[in-house]
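This report goes through a single protein chain, from selected loop residues to the sheets and helices. The chain is shown here.

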Amino acid sequence: MGASGSGTVSLADVVAALDERYPPAWAEGWDRVGLVVGEPSAPVRRICFVVDVVPETVAEALGHGADLIVAHHPLLLRGVSSVAATTYKGRIVHQLIKNDVALHVAHTNADVADPGVSGALAARLGLTGLRPLRPADPSGPAAGQGRGFGRVGRLPEPMSLAEFTGYAARALPPTAWGVRAAGDPARTISTVAVSGGAGDSFLGDALRAGVDAFLTADLRHHPVSEYLAEEGPALLDAAHWATERPWLDDVAAHLGERLPVDTVVSDLDTDPWTVHAASPVPPVVTPASPVDKETRR
């Protein structure tokens, strides 16, 4: 939790600081970012940062006495005609309004930013010499200054894919999902591409980048199988929440340094997968020699 300073900060002040760092114009056309709930003139003393706006993280924010929730994932991504309390999203909207808690979202505008979501993920892995995996559209509002989706960098020292998988699992926030990898376990990994959240749309970018491995989330069977058949980089699939959680520390630190507010970063694991059981390792079966066959007769 950050230290409080003197002075009164309004919701409008916080939104202005967020929009300066993650301009809404940088968001994808399908995205829904910005202020969702809240009165701009309302005072903000404490901010809670979450990846997902779900009943559990809202309850956590209320328990901390937060005046504002800053979330990565939109609560209302698709058009709605009602926020009646007959759905969980409607109940959240009612709960926030009744408790004078505002909600602000920075999604793909934070993904493309530098520093942004993937930069925070890359930092967790100790990657250096970062560059965008897919640079921002040169004709778009986010063009230039290192902005773009994903990041490419170099590990502090080379390691095998098996070693890197364990290294990533220890570096990222813990989840039941953990980290799984596709590729030769002995392959040497030096250069790595990362993308916070669902990243299978960047598989081609990782192939063109010539990296040794690509770490992201929500990878699917057929795209991965086809990608590996093209002799692409090794793939690491982590929990969606775990790849985006590191960004919360960055945005909280930024606002805490800039404004006299308290900051609370949620460590509540909102990944939907809650149980994992590894398959037993099958025994190694060696072919019997002719002598063995004769002995068994």
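## Loop residues with unusual backbone geometry

E231 is exposed, with a relative accessible area of 70%. In this predicted model, E231 sits in the loop that links α8 to β10. Its phi is positive, about 60°, although E231 is not a glycine. A second residue of this kind is D218, a non-glycine with a positive phi near 60°. D218 belongs to the loop between β9 and α8. The relative accessible area of D218 is 38%, and a residue counts as buried under 20% and as exposed over 50%, so D218 is partly exposed.

The backbone also has a cis peptide bond, from D114 to P115, with omega near 5°. P115 lies in the loop between α4 (108–111) and α5 (117–124). As background for these entries, most residues other than glycine have a negative phi, and most peptide bonds are trans.

## The chain overall

The protein chain has ten helices and eleven strands. Its C-alpha trace spans about 90 × 45 × 40 Å along the principal axes. Of its 297 residues, 47% count as buried. Taking contacts between residues at least 6 apart in sequence, 69% join residues at least 24 apart.

## The six-stranded sheet

One open sheet consists of six strands in the order β5-β6-β8-β9-β10-β7, with mixed pairing. The edges are formed by β5 (128–135) and β7 (179–182); each has a single partner strand, so one side of each is left without a neighbour in the sheet. On average, neighbouring strands of this sheet are turned by 25° against each other, direction ignored.

At the β5 edge, β5 and strand β6 (residues 148–160) run antiparallel and are joined by five bridges. Here P135 has G148 in β6 as its bridge partner. Two helices lie across parts of this sheet. Helix α5 lies across β5, β6, β8 and β9, and runs at about 140° to β8. Helix α6 (residues 161–171) lies across β6, β7, β8, β9 and β10, and its angle to β6 is about 120°.

## Strand β9 and its neighbours

Which residues of β9 point one way, and which the other? A213, L215 and A217 point one way, F214 and T216 point the other way, and all are buried. Since five of the five residues of β9 (residues 213–217) are buried, the strand is largely enclosed by the rest of the structure.

Strand β8 (residues 188–198) runs parallel to β9, and four bridges join the two. A193 has F214 in β9 as its bridge partner. The strands β8 and β9, together with helix α7 (residues 203–209), make a right-handed β-α-β unit. The chain then crosses from β9 through helix α8 (residues 221–229) to β10, in a β-α-β crossover that is right-handed. The pairing of β9 with β10 (residues 234–238) is parallel and has five bridges. The bridge partner of A213 in β10 is A234.

## The five-stranded sheet

Another open sheet has five strands in the order β1-β4-β3-β2-β11, and its pairing is mixed. Its edge strands, β1 (34–37) and β11 (262–265), each pair on one side only. Between neighbouring strands of this sheet the average turn is 25°, direction ignored.

Within this sheet, strand β3 (residues 68–71) pairs with strand β4 (residues 102–105) in the parallel sense over four bridges. V70 stands opposite H104 in β4.

## Packing of α1 against α9

How many degrees is the angle at which helices α1 and α9 pack? Helix α1 (residues 11–21) and helix α9 (residues 240–258) pack at about 125°, and their axes are 11 Å apart. An angle over 145 degrees would count as roughly antiparallel, and 65 to 115 as roughly perpendicular; α1 and α9 are therefore oblique to each other. The crossing of α1 past α9 is right-handed.

The contact involves V14, A17, L18, E20 and R21 on the α1 side. On the α9 side, V251, H254, L255 and R258 meet them.

Note on methods. Residues are numbered from 1 along each chain as its sequence is written. This is a predicted model: local features need pLDDT of at least 70, side-chain atom pairs count only at pLDDT 80 or more; totals for chains, interfaces and linings use all residues. Side-chain values use heavy atoms; hydrogens and water are left out. Buried means under 20% relative accessible area, exposed over 50%, partly exposed in between (1.4 Å probe, protein chains only). Two strands pair if DSSP finds at least two bridges between them. A crossover is right-handed if, with the strands pointing away from the viewer, the path from the first strand over the helix to the second runs clockwise. Axes are lines fitted to C-alpha atoms, for helices over the stretch in contact, and angles run from 0 to 180 degrees between N-to-C directions. Angles under 35 degrees count as roughly parallel, over 145 as roughly antiparallel, 65 to 115 as roughly perpendicular and the rest as oblique. A crossing is left-handed if the near helix is turned anticlockwise from the far one by less than a right angle, and right-handed if clockwise. Contact means heavy atoms within 4.5 Å.
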